[in-house]
Amino acid sequence: MTQAPTAAAPLQEARLAPGSRTDRAIKRRRVLGILDAAGRDSLLLTSNTALTWYLDGSRVHVSLAGDPIAALLVDRGGDHLVTFNNEAGRIAAEELPAQVSLHTVPWYGNLHQAAAAIGTSTQPPLAEAEAATELRAARQQLLPAESARYSLLSAELAAILTDVLSAARPDTTEFGLVSALAARVVAAGAEPLVLLCNGSSRSAFRHPLATHSPLGRRAMAVVCARRDGLVANITRWVRFDASTPEERDAEARIAAVEADIFDATVPGARLDRIFAEIQAAYVRHGFGADQWEQHHQGGPAGYAGRDPRVTSNATDAVVLDQAFTWNPTAPGVKIEDTVQLTGSGLRILTVDPRWPVTTVNGLARPVTLQL
């Protein structure tokens, strides 16, 4: 196991801009294939996930909790983005990819109706919900430019966790920790979608929204951050006193559960079968058979936090260059990184070489940072 130094690691200074023309052309061909299979002439995209994927990273939100401020009609003649009149200037100047036509409606207008009316076909457009499975399949294989953006975001996020947790102390509050994380995430040009923290007094909670409680002797931090439409997810632990044998044992066993999930994440594997392997892995490594019921187990990642969350009903097949965030968890332990399945195996994206690791089944996996 290696120890994390205190000096900050240098990050890349330049970000790749969204909107790769090459990647967008491939995405358009994929959507036209969906239209061909459905016998339709157009498709209306209305969700943040679908819009940011198809536009290759454009920001089509204002409120993180609100609906997109744009809708997009993909038809055989071209791509038509409709937005409100008070958003059009920014969209045109900063977010509109080449070869996408921009249309406006009054701020009180109906985006979906306006976008659907643009098409020349006598058929109504195919609604996004009608093609949800096909669109998810189209998003699975990340293309070169978006893979590069995802890798950069993930590495920056891992470095942020290292910096902030290295500066934490037992009397740091949970709110204090997540506010420091949020500041760094926003400064990196990303949006903090999920910020979780539990100090030692609240370790029983699987989704611990921060409170004014101090961290105490041990704490967990979780961040899900979005940039250019892509969402990276990471969990890290910090400890301020000596670990107990029980903690070390549980941490090793949850990493073994994750290793079994990684082994099952291969091209062609169906998500429902990976889910069955997750259930078996908990039992195999000494956790209760019901642990998978206590928290979602993760799944494919990318333009949504999970795309989709894995369950016994998810039958999508794994493909090369697909991203995943698995997050096995049990009482007092959790492990979570964003990874991508490449031709040479799983590549960990949320990695900072300063963070302490141990080798599990050939991969460097994070351990608790001891301060």
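Me: Let's take buried as under 20% relative accessible area, exposed as over 50%, and partly exposed as in between (1.4 Å probe, protein chains only). This is a predicted model, where local features need pLDDT of at least 70 and side-chain atom pairs count only at pLDDT 80 or more, while totals for chains, interfaces and linings use all residues. Residues are numbered from 1 along each chain as its sequence is written, and side-chain values use heavy atoms, leaving out hydrogens and water. So, is C224 buried or exposed?

Reply: C224 has 9% relative accessibility. The cut-off for buried is under 20%, so C224 counts as buried.

Me: How many disulfides are there?

Reply: A disulfide here is a pair of cysteine sulfur atoms within 2.5 Å. For C197, the closest cysteine sulfur is in C224, 14 Å away, so that's too far for a bond. C224 isn't in a disulfide either, with the sulfur of C197 as its nearest. The disulfide count is zero.

Me: Which strands stand at the edges of the open sheet of four strands?

Reply: Strands are DSSP runs (E, at least two residues), numbered from the N terminus, just like helices (H or I, at least four); two strands pair if DSSP finds at least two bridges between them. The order is β6-β7-β8-β17, with mixed pairing. Two of these strands have a single partner each, so one side of each lacks a neighbour in the sheet: β6 (191-198) and β17 (369-370).

Me: Which residue of β8 stands opposite R227?

Reply: β7 (residues 218-227) and β8 (residues 230-239) pair in the antiparallel sense, over ten bridges. Opposite R227, in β8, you'll find L230.
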